[in-house]
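Subject: Structure for your review

Dear colleague,

Please find below the structure that I am handing over to you. I would be grateful if you could keep it open while reading the notes that follow it.

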Amino acid sequence: RVASPLATRALGLEAARSFSSSRSAQAKVTVVGAAGGIGQPLSLLLKLSGKVDHLSLYDLVGTPGVAADLSHCNTNGKVTGHKGASELKAALQDADVVVIPAGVPRKPGMTRDDLFNTNAGIVKGIAEACAEACPKARFLIISNPVNSTVPIFAEVLKGRGVYDKKKLMGVTTLDVCRAQTFVAENLGQSVNDTAVDVIGGHAGTTILPLLSQVEGAKFSDKDLEALTHRIQFGGDEVVKAKDGAGSATLSMAHAGAYFAIRVLAAMEGEADIRECTFVENDLTAAPYFATPVILGKDGVEKVLGFGKLSAFEQKILDENVPALQAQAKKGVDFVHKA
Ligand code: NAI
């Protein structure tokens, strides 16, 4: 198996600049939550990519400034800023891709599920606006808890008769970034030669890196456990180090921009784009499950599944499924009781 392009085409500034010389996708991408800790650098990376014909930035505050600032970057594509609920529909109108990092982040000691009470309502409201303004877009959900916000988004779209499971993707790319980085470090090899799939969900132990499938690697039991734990709880390292100022923003902006650009490339017709993402599928009894997929013109073209698991991974998976079912149900129930 070749190293995933996440490793070989990391979205550093130089890589983004070189993208900008290639053809821009004739696409409108809307970032919802664009003035936030993730939203700003994510919007910068999308602007630098030159792959976005119209970058539309929405937030409750700050977007006129962010948009004016980014619009001076000499890369392809126009930038517009939209502020406040009355401008949400215009921001979303006819978008091809909507990337959503809106909502509150964690503070030390919080789990992603602790964000549910605030973020569930935010994501529900955004989904309602999307159902009206851009029902055919590809939706990339970053807002946590992803294990529940993706089901919330789906449930709203279903209620409006515009749900397409191929087009709703929870962004779990940061788990893949962390897995590749930590595994490369452990093996003493370049991250460019390291590919790791991460399946399951996007919270604590629901994150399952498939270390048994890392080409050419044989980990000791101790390393296996330590690496798995570090990938599952890598987000906590950042939350702790930021000491109350939030969670991962820069690495998430990188991961989110990378994933959005892969979705755009697939939309343009590039073939064989393989990424992990949290989508509806029937691989397990959990309704939504992160898995490698092939991206195509309309989002997820093919769910690839995850191959043979080691006994260690199977045990984690068996524990994951009921947790993912419960977190999905919590989201679905929220939509129906609200
Ligand atoms: P932040 O607080 O810096 O930014 C959030 C932005 O969302 C703010 O600008 C805020 O005004 C905006 N916002 C709030 N309600 C909104 C609404 N109704 N419509 C539009 N915008 C709204 O937070 P940060 O650090 O950017 O994190 C955002 C979300 O991303 C959090 O839920 C966090 O947990 C999640 N996250 C997800 C990751 C993943 O791997 N999927 C990784 C890291 C964070």
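Two residues are said to be in contact if their C-beta atoms, placed from the backbone, lie within 7 Å. Please also bear in mind that this is a predicted model.

With that meaning of contact, I begin with helices α3 and α11. Pro41, Leu42, Leu45, Leu46 and Ser49 of α3 meet Leu250, Ala253, His254, Gly256, Ala257, Ala260 and Ile261 of α11. Sorted by class, the residues of this contact comprise nine nonpolar and three polar ones, with no charged residues. Helix α3 covers residues 39-49, and its axis lies 8 Å from that of α11, at an angle of about 40°. Angles that are neither roughly parallel (under 35 degrees), nor roughly antiparallel (over 145), nor roughly perpendicular (65 to 115) count as oblique. The two helices α3 and α11 are therefore oblique to each other, and their crossing is right-handed.

Helix α11 also packs with a second helix, α8. Here α8 spans residues 173-187 and α11 spans residues 250-267; their axes come within 8 Å and cross at roughly 115°. That angle makes α8 roughly perpendicular to α11. The crossing of α8 with α11 is right-handed. From α8, the contact involves Thr173, Leu174 and Cys177, while α11 contributes Ser251, Met252, Ala255, Gly256, Tyr258 and Phe259. By class, this contact of α8 with α11 holds six nonpolar residues, three polar residues and no charged ones.

You may wish to place these helices against the database record. In an unreviewed entry, UniProt lists residues 172-334 as "domain: Lactate/malate dehydrogenase C-terminal". Over residues 172-334, the chain is 48% helix and 17% strand. The C-alpha atoms at the two ends of that stretch are 22 Å apart.

Finally, I turn to the ligand. Which residues come nearest to the ligand? Of the 34 residues around it, these are Gly33, Gly36, Gly37, Ile38 and Asn144. Two elements, β2 (52-59) and α6 (116-133), give two or more residues to the shell around the ligand. Helix α6 supplies the largest share of that shell, with four residues. In terms of class, the shell around the ligand consists of 19 nonpolar, 13 polar and two charged residues.

With kind regards,

A colleague

Technical notes
Residues numbered from 1 in each chain as written. Predicted model: local features only at pLDDT ≥ 70, side-chain atom pairs only at ≥ 80, totals over all residues. Axes fitted to C-alpha atoms, helices over the stretch in contact; angles between N-to-C directions. Left-handed = near helix turned anticlockwise from the far one by under 90°. Nonpolar A, V, L, I, M, F, W, Y, C, P; charged D, E, K, R; others polar. UniProt positions renumbered as here; feature names shortened; annotations may be inferred. Near = placed C-beta within 6 Å.
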